[in-house]
Amino acid sequence: MSETDITPDTGSTATTTTAGESDEQARDAWTEYRAAGETKLSVEDINVWYGDDHALKDVSMDIPEESVTALIGPSGCGKSTFLRCLNRMNDRIKAARVEGSVEVGGTEIYHPDANLVELRKRIGMVFQSPNPFPKSIRENISYGPRKHGEIEKGLLARLFGRDDTEAEAELVERALKQAALWDEVNDRLDDNALGLSGGQQQRLCIARCLAVDPDVILMDEPASALDPIATSKIEDLVEELAKEYTVVIVTHNMQQAARISDQTAVFLTGGELIEYDDTEKIFENPESQRVEDYITGKFG
Amino acid sequence: MSEAYAHDTALVTEGSTSYDRLVDGAIALSIVAFATTLLALVELVPLGTAGATLGNYFLTLFVAVSGGVGLTAGASWANVVSVTSQRVRGVAGGLLVATGGLTAVAYLTTVTLATLLGFVLIGQALIIGGAGISSRLDIIDTEPDASAGLLAGGAFAVIGAAIGGALGGTVIGFDSIAWLVFPIVVGVGLAVLTIVPREDLGSTIPVGLVVGTLGVVVATAAIGVGWQWNPETLDGGFTGGVVIPLFAAFGALISAWAAAKCRAGFGAPGREYGAFLIINLNALLMVVTMVSIVLFVLTRGATYATRGLTTSALTLLVLLVPLLALATEFARSRVGGGEWNRTVRLVTQIAPLATLGAVAAVITTVLITGNPIEYGFNYQILQNRNLIPRETAITITPNPEVGAVILAVVASVMWIALFRNYGSLRNVGAAFPRAESVRQLVPVAVAGMAALIGGVLLVGPTPAGVPLGSVVGVGVVAAGTLAAVGLAALPVAGVATTNGSIADRTQASAPLFTLGVFGGLAVLTAALLLQPVTGHTPGIAGVDLVAVGALFATLACGLAAGVSAYARRTTTETLQDRLLGEETILGLTGAAGFIALLGLHVLATGSGFTVLGVSVTTEGTLSWPMILQPYIPLGAEPGGIMPAVVGTVWLVIGATLFAVPLGIGAAVFLTEYAEQGRFTAVVEIATNALWSTPSIVFGLFGAAFIIPRLGGNESLLAGMLVLGFMLLPLVLITSRESIKAVPDEYRDASAALGVSQWETIKSVVLPAAMPGVITGGILGIGRIAGETAPLILVLGSTLNATESVNVLQGFQFVAEPPFIINDQLLAASASLPTQVWAVIAAGVSGSPQMGWASAAILLSVVLTFYAIGITARTYFRRKLNYE
């Protein structure tokens, strides 16, 4: 099977019908962007080894702007590994070796002189289990901007005539509103973030990611540790975010992928990308028999 | 074990039978006996005690137990808490009966504590044996296993062998080999008795036999208080004073275990309850041991250490203020609802405040009536190799005086504490346009005064005939003081001039509160610093203007706090209530700050200040010869050990400053940066080896390596470095562990935000690891503060030193490298551990009491460092958890 260079097939979207109005709008937008050929992330022949284990094999795909791309597949198929290639988080694993090319808006991120700080500011990430810092809600949100020097406050800043307390408050409010958390926490911004519920913590992590103003948001099974209600909130949020951001989301929940994504990539065992296409196409009429078996539950 | 399921057992057994109560009583008796034997072992209650003295001890125990049990029972009866467990009730009742019964026996008869313990053991043996037999005869309903098990069998074999050995030695002596028959027979016999019968017999009869035997031996005084055994092969011997408590404690332990098994009906629940009690008694053992050691040292050293302690009542009151504030805070903290011990906690919360309040009231009566409180006692000094008793007293004098140092320190601490609790009132209340312009003037005024200070210091008080210091400076000081008082009065003025209800008016004046308190403090601080520079101290035209100003500002702030506290009572709105609470704290912050400035003013100008008969003096309100005086050779009074206290404090500070940053830095490198591999493994081994290196080796290293490189003399700095080297591995190990324990998710999250590794370590990893790091520091400091061996080699320890090192004033700046020198750091110093060692072990001059007193003070210094460490750890934990 040759799946080395799969790009979404434009033809299929026109024929499919969509359930909700927002879906329809998103779909229209997606078609428009793809027609314009605006590719946000372009991955070519990426290979990852963990020691001797070849975890990801020759994966190539183009991820379009301002849409939701879902990565699905059974456990150990390499979808999380692929996601972590996109912001070079695999660099943090000592045994990992990455080969291939990833371009963001035309810039190669695996270039030896790539600026990791800038890269990760542009490509944010939300992890599988909620991981807020043991700090207050406010400090969690403003952590990134503060460390990047965009917000200065405190005694020293005041001595040099700069106090961004107001700017911080605005930033925190904007990020929390974007993450649909503002109404629930606005009266206790100085409380410990670890005191929030699991779903709230995950939305806080999304808000923390949004606060550094990324272009792309990577999500590694963001709802897998949450209950159904919290999950549906996260899903709504993802659809909302796709209006402004490029979202790449790993999920093992096929219904979730079908509900929220615009295009879906299916990874199967051995770190191979089997099929990458428009979501409806994948779920209704996949090219590959293996993908159909996986989606209908015969395999995986 | 299927027969266990054959019984038709109720899931919940309600109520308790007389059998249950009897066994509960045995458990309670074990606990009482265990605690008593531990106290007897350190001779807080000697074994020979009898009659009324013994009665008094048990009566104290009875009163304490009935207080606790009664309070809980009352709360339970009133449905405030719910104590429904029959076992807890049974043991509580048993404790009452046991302590009450022992009290009665002690008063009515003349038996000694030793004999009484013997009879207690016999009673336990009878109850437990009886319980086991009634269970075997199915008189009571239990669910025993087929056997008590091999573990219990092995344990009783060992116990039996020990008893048999003692018996054999006594009967036929150790001369012939035949005595070996006894331990073998008794050991095997007990093991068989444990393993072969059903569990209910197997775990009670051997216990009954062992405990009964021990009881008979003790009760019949076969081993009495005066008993002594000096085996020929050993240098030392065993006395009754040690053996009896050990027997009784051991008997109490195993009878508690057996009684617990009986109570829970044997089987798995029985083993569970038995193990639970044993572990609990172990914990009790730890606590009692620690408390007894501390008490033992303190009781022996207390008289000598506190001789001649004199303080003015006002000083004591000032010292009580932070404690009262703490107790108030503690009393106000919320008690968790629904917990079984809620009432007890409520009472314990209020108790410190009540006690401190009573103490404060007593001290105040001293001030009012003018009669000092005196507690007189004797202590011994060594003169011409004779111990001479002397009379002394602890005195609280009715002088309305307080030292400036104490006042400044206490007020600053209060200021910091209050300032931390005060939130922010920036955007609350009405805007006052005129106040806004004043707010902008304050920094200008402060900067101007700072410039004037700099100017006078640079060009002198009268440059080119201009009276910069005397006229301009004095004028500015006067104006600044008046301005500060005016600012401090702003809050009250604001409340007085606005309209509306008192709560609304106070809330509307919030901007005036912040401006008045902080502006006033800033301006007065500047004036305070300017005054000594101008050379016009203490006053201008006979009036100590800054001091009077500080006093008025204090009153104004206090008044503002009072007004907002009153206003707070009148409001029902939650938000307003909170805001007014903040304003009250702010007012108090201002008052504490101005008082601190008053103390600092007296310190800076060096002249006391008296108003309405109350004085702030530069020295002399607290006299404590043992701690505040150096040794006085050949004097009528021996003086104290201040140089040793100062030396130890500097040693600990120096070693900590040296080792903690190094240790944490190395830990961060090894955990966060270094590849885990051979290098880190080698470092780990080296660290552990360094930690287990004997301290005398560190001392030798210091003497042979460090001292020649530090001028060749034994010195304080060498001591600091050697102790620092000893502290280093522990800080490294604990920091590493706690940094490793910080979840990787935090690092991932931070990295995914594009934050660099160093920033991540600084702002996420280290704060989360801080409590663990500090725990390591506390343990290490506890070790090095009492370290003696290396100090003997490197400190040049002067015994009974007459002069303390003065590290702070020893710093000198010189024009050539190394630019800073400190001859005090390179001088020999005294230290507490070497002082104790010299006086007690080496028998150099000083009465034994002096040695104990030094030990008591050493213990207190170490415990103080512990307290500081634990406070820091609690602070970081709370900060981490937002409690």
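Buried area is the accessible area that two parts lose on being put together, summed over both. Keep that handy for the first exercise, and remember that this is a predicted model.

**Exercise 1. The A–B interface**

Work out how much area chain A and chain B bury between them, and what holds the contact.

*Solution.*
- Start with the area: the two chains bury about 2100 Å² between them, and 57% of that is on carbon and sulfur atoms.
- Next, who takes part? Chain A brings 29 residues and chain B brings 21 residues.
- Now the polar side: eight residue pairs are in polar contact across the interface, with both residues at pLDDT 80 or more. On the chain A side, helix H4 (116–122), strand S6 (123–126), helix H5 (137–147) and H9 each supply at least two residues that touch chain B.
- Finally, the charges: two salt bridges cross the interface. Asp748(B) and Arg92(A) meet in a salt bridge, at 3.0 Å from N to O.

**Exercise 2. Checking helix H9(A)**

Check whether the end-to-end distance of helix H9 of chain A agrees with its 14 residues, then find out how covered it is.

*Solution.*
- The helix runs over residues 198–211, and at 1.5 Å a residue it should span 20 Å.
- The C-alpha atoms at its ends are 20 Å apart, so the two values agree.
- As for cover, 13 of the 14 residues in H9(A) are buried.
- Just a note on what follows H9(A): Asp213(A) has a positive phi, near 60 degrees.

**Exercise 3. Salt bridges within a chain**

For Arg259(A), Asp24(B) and Arg271(B), find the salt-bridge partner and say which parts get linked.

*Solution.*
- Take Arg259(A): its partner is Glu235(A), with the closest N and O atoms 2.7 Å apart. The pair links helix H11 (residues 254–260) to helix H10 (residues 228–241) of chain A, 24 residues apart. Buried means under 20% relative accessible area, so Glu235(A), at 6%, counts as buried, while Arg259(A), at 43%, is partly exposed.
- Move to Asp24(B): it pairs with Arg263(B) at 2.9 Å. Here helix H2 (residues 18–41) meets helix H10 (residues 240–263) of chain B, 239 residues apart. Both ends are buried: Asp24(B) has 1% relative accessibility and Arg263(B) has 10%.
- Last, Arg271(B) bonds with Asp145(B) at 2.7 Å. Arg271(B) lies in helix H11 (residues 267–305) and Asp145(B) in the loop between helices H5 and H6 of chain B, so the pair ties together parts 126 residues apart in sequence. Arg271(B) is partly exposed at 40%, but Asp145(B) is buried at 17%.

Definitions and conventions
Residues are numbered from 1 along each chain as its sequence is written. Chains are lettered from A and ligands numbered from 1 in the order in which they are written. This is a predicted model: local features need pLDDT of at least 70, side-chain atom pairs count only at pLDDT 80 or more; totals for chains, interfaces and linings use all residues. Side-chain values use heavy atoms; hydrogens and water are left out. Helices (H or I, at least four residues) and strands (E, at least two) are DSSP runs, numbered from the N terminus. The expected span of a helix is 1.5 Å times one less than its number of residues. Buried means under 20% relative accessible area, exposed over 50%, partly exposed in between (1.4 Å probe, protein chains only). Contact means heavy atoms within 4.5 Å. Buried area is the accessible area (1.4 Å probe) that two parts lose on being put together, summed over both. A salt bridge is a side-chain nitrogen of Lys or Arg within 4 Å of a carboxyl oxygen of Asp or Glu. A polar contact is a pair of N or O atoms within 3.5 Å; within protein, one must be able to donate a hydrogen and the other to accept it, and residues adjacent in sequence count only if both atoms are side-chain atoms.
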